[in-house]
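Biologist: Before we discuss this chain, please place the sequence and the model before us. I shall then put my questions in turn.

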Amino acid sequence: MFWWLTVRVIPNDKVGVVEKLWSPKGSVTGGRIIALHDEAGYQAALLRGGLHFGYWRWQYRIHVAPLVTVSQGQIGYVYARDGQPLPPSQTLGRVVECNNFQDAQVFLARVGEEADYGQRGRQRAILREGVYAINPAAFVVMTENGAYSLPHLLEAQEADAIGAWHEQLTACGGFQPVVIGGSSKTGETEVHDDLIGVVTVHDGPSLPPGEIIAPAVGTEPDGASYHNNYQDSEAFLKAAGRRGRQSAPLTDGTYFINRWFASVELVAKTVVPIGHVGVVVSYVGRAGRDVSGTGFRHGERVQDGERGVWERPLGPGKYPFNVYAGQVILVPTTNFVLHWVTGRTETHKFDEALRSIDLVTRDAYEPLLPLSVVVHIDYQRAPSVIQRFGDVKKLITQSIDPMLSAYFRDVAHKKTMLQLLHERDLIQAEARAELRTRFREFDVECVDVLIGKPVAHEKDSKIEALLEQLRLRQLSIEQLETYERQRTAAEKLRTLNEAQAQAAVQVQLTNARAEIQIAESRGEAELARARKQSEQMVVTADAELARAKRQAEQTVLTAEAHAKEQVLAGRGEGQKALQIGLSEAAVVLRKVAAYGDPRLYAASLLADRLADSTQPLVPERMFVSGANGESGVAGGPLNALLTLLLGEKTGLGSFADSPEAIEFKGECDQLAREAMGTLTGK
């Protein structure tokens, strides 16, 4: 009976939780549930395996509980049922040096030492693999196998919360460490994970307004606040770490992280393949200075680590880039092809929204022009392209596509359909030169422009009819060429037949050639003889010609002398006649002066002529006619003389004004002109 009343036996694989039923010091106070100073209640100290004396049954109740076992490679989580309450801004209880919660007295006793006392609730500290003697009245330990506690102590609400926590930790794999970059085996295939871990911290001060990612802190291994990739939660908070998603990710390795303190999301590493660069658009960091210059008004470009588009892109490789802290936009640096062809696209998918360009030619045809453009982006200009357009696809769809479509529509408006078909090389060369200039405005290089065959719309048969006409025309040209070649072949065949016939009669042909050569030799001899004779005749003819020339020259000289003689004689006669005429004129003038009136002199001359005339003075036959039926004397010299005399006597007419006087004066002028002509030799 004494043994039963005083001795307690605890197995070595268990612990004994002492519950003091009564005590002269009374019960625990201050909201505690664990007695630290021999009060009545659950005691902080445990009974380990073995015999224990002095624990009277009427004063103590011993609750036997198993040791806490955390399996190899797993994590145990602790919930403290006693301790100081958590402040409103704190999620987990701080870490207290209490031998991994095995010394509840130390965990709870430091009341007033605010830097070290234990806090009730879920704890930041975790348990690694091993066996622990932890007081289940003060702490509830959760492992993958279950929760270590005194069930009769837990209220229904507390038990439900512990069960929910256990389910959450099991669902997120919280009892296992975070393994990044390991390998897994599915069937016969070994799969290697190429991931990083994005950490979200659930405790500590919150982020300042306007921030979405907590900056990296305590990342230097030699620093006093090095938290070893969030595994030391107290060091993280002492380094001014903030709750929320962290910018510093976890790379390859194994990490024992308290999932209540920080959750880990596995995301793929950012891979920049060969032939590309990655332009970083950072969502976090300090505000930087725009390095693109004041003349560039398409956003800001900043230095690495600052918020905005980074000036220096990432080269080919793998990067542990936090996709929540920014974005890496891939920009191809090798030549890539863009197809303006309906239903066709490249693997890069930049041209999946592009279609064949619809044109209208000068002669009202409406073809569809398939087009391919080879484009290159300088890796140093990739940040400028992203800064201006956002990504390569927007550059193509919002700038290059409308510009290029408008250019080829303008070209088509100036060309006929046949010109569009026949002048493809020229149009392609002009487009290459023009588009290279225009693409430079967008920091893009146009390497080449390739124009395909214009095609018609689905129900348009006009272009096909035009092409059929071209085919017929080309077929006619080919037929002409064929006929010409056939004619050439026929001539060649005839030449061959002649050669064969000549070969067949080679002997006769040889004899004939010999005879021809003999005849040619004879002919050459005859020709030489005739040539000598002709040369002799030429020499004789030259001599005769020279003699004839000398005779002709002598004759010419004689004729010239005779002609000069006649000219001189004629000039002498002319001078003589002139002198005679002048003398006669002087005499006539003197006679006219002697008469006193030229009319009297003229009348005397007329009388002399009438006297010397052979014509009878009175005609034998006279025809009388008068004006208006009147009769008169027939005309004649006598009539003229009488008319002159009558007019003179009667004063009815003037001799000078009469037609006869005018005629007489004309005859005198004619005589004078003839005399002058004789004088001048004309």
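**Sheets, helices and a surface patch**

Modeller: Val 9 has its place in strand E1, which spans residues 7–10. Please bear in mind throughout that the model is predicted.

Biologist: Is Val 9 buried or exposed?

Modeller: The relative accessibility of Val 9 is 53%. A residue counts as exposed when this value is over 50%. Val 9 is therefore classed as exposed.

Biologist: How much accessible area does the nonpolar patch that includes Val 9 have together?

Modeller: Val 9 joins Trp 3, Leu 51 and Phe 53 in a nonpolar patch on the surface. Membership requires over 30% relative accessible area, and Val 9 has 53%. Together the four residues of the patch have an accessible area of about 460 Å².

Biologist: Which strands stand at the edges of the open sheet E9-E8-E11-E12?

Modeller: Four strands form this antiparallel sheet in the order E9-E8-E11-E12. Two of them have a single partner strand each, so one side of each lacks a neighbour in the sheet. The twist averages 25° from one strand to the next. The edge strands are E9 (121–127) and E12 (146–148).

Biologist: Which residue of E11 is the bridge partner of Tyr 79?

Modeller: Strand E8 (residues 76–80) pairs with strand E11 (residues 139–143) over four bridges, in the antiparallel sense. The partner of Tyr 79 in E11 is Val 140.

Biologist: What angle does helix H3 make with E11?

Modeller: Helix H3 covers residues 156–171 and lies across E8, E9, E11 and E12. Relative to E11, its direction runs at about 30°.

Biologist: Why is one side of E27 left without a neighbour in its sheet?

Modeller: The open sheet has three strands, in the order E27-E30-E31, with antiparallel pairing. Its average twist from one strand to the next is 20°. Strand E27 (336–340) stands at an edge, as does strand E31 (445–451), so one side is left free because E27 has a single partner strand.

Biologist: Which residue of E30 is the bridge partner of His 339?

Modeller: Five bridges join E27 to strand E30 (residues 371–376), and the two run antiparallel. In E30, the partner of His 339 is Ser 372.

Biologist: What angle does helix H8 make with E31?

Modeller: Helix H6 (residues 392–413) packs on the sheet, touching E27, E30 and E31, with its direction at about 55° to that of E27. Helix H8 (residues 424–440) lies across E30 and E31. The angle between H8 and E31 is about 155°.

Notes: Residues numbered from 1 in each chain as written. Predicted model: local features only at pLDDT ≥ 70, side-chain atom pairs only at ≥ 80, totals over all residues. Heavy atoms only, no water. Pairing = 2+ DSSP bridges. Axes fitted to C-alpha atoms, helices over the stretch in contact; angles between N-to-C directions. Contact = heavy atoms within 4.5 Å. Patch = residues over 30% accessible without salt bridge, like charges linked within 9 Å, V, L, I, M, F, W, Y side chains within 5 Å. Areas by Shrake-Rupley, 256 points an atom, 1.4 Å probe, with all protein chains shown as cover. Salt bridge = Lys/Arg side-chain N within 4 Å of Asp/Glu carboxyl O. Buried < 20%, exposed > 50% of the residue type's maximum accessible area, 1.4 Å probe, protein only.
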